[in-house]
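Please take a moment to look over the sequence and the fold displayed below, and keep both in view while you read.

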Amino acid sequence: TALAYLGYGLKGIVGNIMPHYNNNKKFTYVHIPKCAGNTIKSMLGITGHDHTGIYNHYNDEHFKFAFVRNPWDRFISAYEYFKGGGWKNMNPDEDLDLDYCNRVNQFSSLKEFAKSLEWIDWLHFKPQFNFITIDNTKDCLDFIGRVENLDNDLCYVCKQIGVVYKDLVHINKTKNKNHHYKSYYDDELKEIVGSVYAKDIEYLKYKFE
């Protein structure tokens, strides 16, 4: 399934080396799903879709960056995204998005879905550590911003690459997620998600808070 979604990403390559690879401004942006990527791309003038990691785009001459998110929060955002229908008609690969949505909705509850662990290999649930490292080498990026500090961190990125910072307009925000992520969890669910994202939690120093 992840390979199929990678094919969806490659459809965005038109008239450029890669959609998130800018030789003129010398930057490489690693778009991790459910980490405010469409908002960031809009700010930076990036088109197309590419969810491959830094291992595909490493360039010593580029300012290389990504944005990450609290893993417990990101899990809920991805779940609600598919529970609510995904991109629907805006998705260039609607059939694949619909497949994920149908699979999520086969489960009677969030906990049942989480306990199934069938989502571990889905692109939107893939650990963030996998996107930002090469063979577990942790110093591949020049900057890792956080969704929790999006305005300040994106402003910093813009200064580094010579892009004028504007007021943020949040794009593709998960509509069904109306409460703080903690309200979705009990101890068992917290442990399941925390175990899957143990590397993210350790490396990115996130806590359940």
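The paragraphs that follow go from the chain as a whole to its cores and then to some of its helices.

What you see is a predicted model, and the chain in it contains nine helices and four strands. If you follow the chain from the N terminus, its elements come in the order α-β-β-α-β-α-α-α-α-β-α-α-α. Of the 209 residues in the chain, 50% are buried. Among the contacts in the chain with a separation of 6 or more, 75% are accounted for by residues that lie 24 or more positions apart.

We can now turn to the interior. The largest nonpolar core consists of 25 residues, and those with the most contacts inside it are Phe75, Phe113, Trp119, Phe125 and Tyr185. Two or more residues of this core are given by each of the elements H3, H4 (94-104), H5 and H8, and the largest share, seven residues, comes from H3. To see how one residue of this core is surrounded, consider Phe125: when its neighbours within four places in sequence are left aside, Phe125 is in contact with Arg74, Phe75, Ala78, Tyr79, Phe82, Phe113, Trp119, Ile120 and Tyr197. There is also a second, separate core, which has 17 residues and includes Met43, Phe67, Phe143 and Leu150.

Two of the residues just named, Met43 and Leu150, also take part in a helix pair. Helix H2, which spans residues 37-44, packs with helix H7, which spans residues 150-161, at an angle of about 35°, and the axes of the two helices are 11 Å apart. The crossing of H2 and H7 is right-handed. On the side of H2 the contact is made by Ile40, Met43 and Leu44, while H7 contributes Leu150, Leu154, Cys158 and Ile161. When the residues in this contact of H2 with H7 are sorted by class, seven are nonpolar, with no polar and no charged residues.

Which residues of helix H8 are buried? In this helix, which covers residues 187-196, Leu189, Ile192, Val193 and Gly194 are buried, and what covers the buried residues of H8 includes helix H3 (71-83), helix H5 (110-116) and helix H9 (198-204). At the start of H8, a side-chain oxygen of Asp186 comes to within 3.2 Å of the backbone nitrogen of Glu188. H8 is thus a helix to look at twice, since H8 is also among the elements that give two or more residues to the largest nonpolar core.

Conventions. Residues are numbered from 1 along each chain as its sequence is written. This is a predicted model: local features need pLDDT of at least 70, side-chain atom pairs count only at pLDDT 80 or more; totals for chains, interfaces and linings use all residues. Side-chain values use heavy atoms; hydrogens and water are left out. Axes are lines fitted to C-alpha atoms, for helices over the stretch in contact, and angles run from 0 to 180 degrees between N-to-C directions. A crossing is left-handed if the near helix is turned anticlockwise from the far one by less than a right angle, and right-handed if clockwise. Contact means heavy atoms within 4.5 Å. Ala, Val, Leu, Ile, Met, Phe, Trp, Tyr, Cys and Pro count as nonpolar, Asp, Glu, Lys and Arg as charged, and the others, Gly among them, as polar. Buried means under 20% relative accessible area, exposed over 50%, partly exposed in between (1.4 Å probe, protein chains only). A polar contact is a pair of N or O atoms within 3.5 Å; within protein, one must be able to donate a hydrogen and the other to accept it, and residues adjacent in sequence count only if both atoms are side-chain atoms. A nonpolar core is a set of buried Ala, Val, Leu, Ile, Met, Phe, Trp, Tyr and Cys residues joined through side-chain atoms within 4.5 Å.
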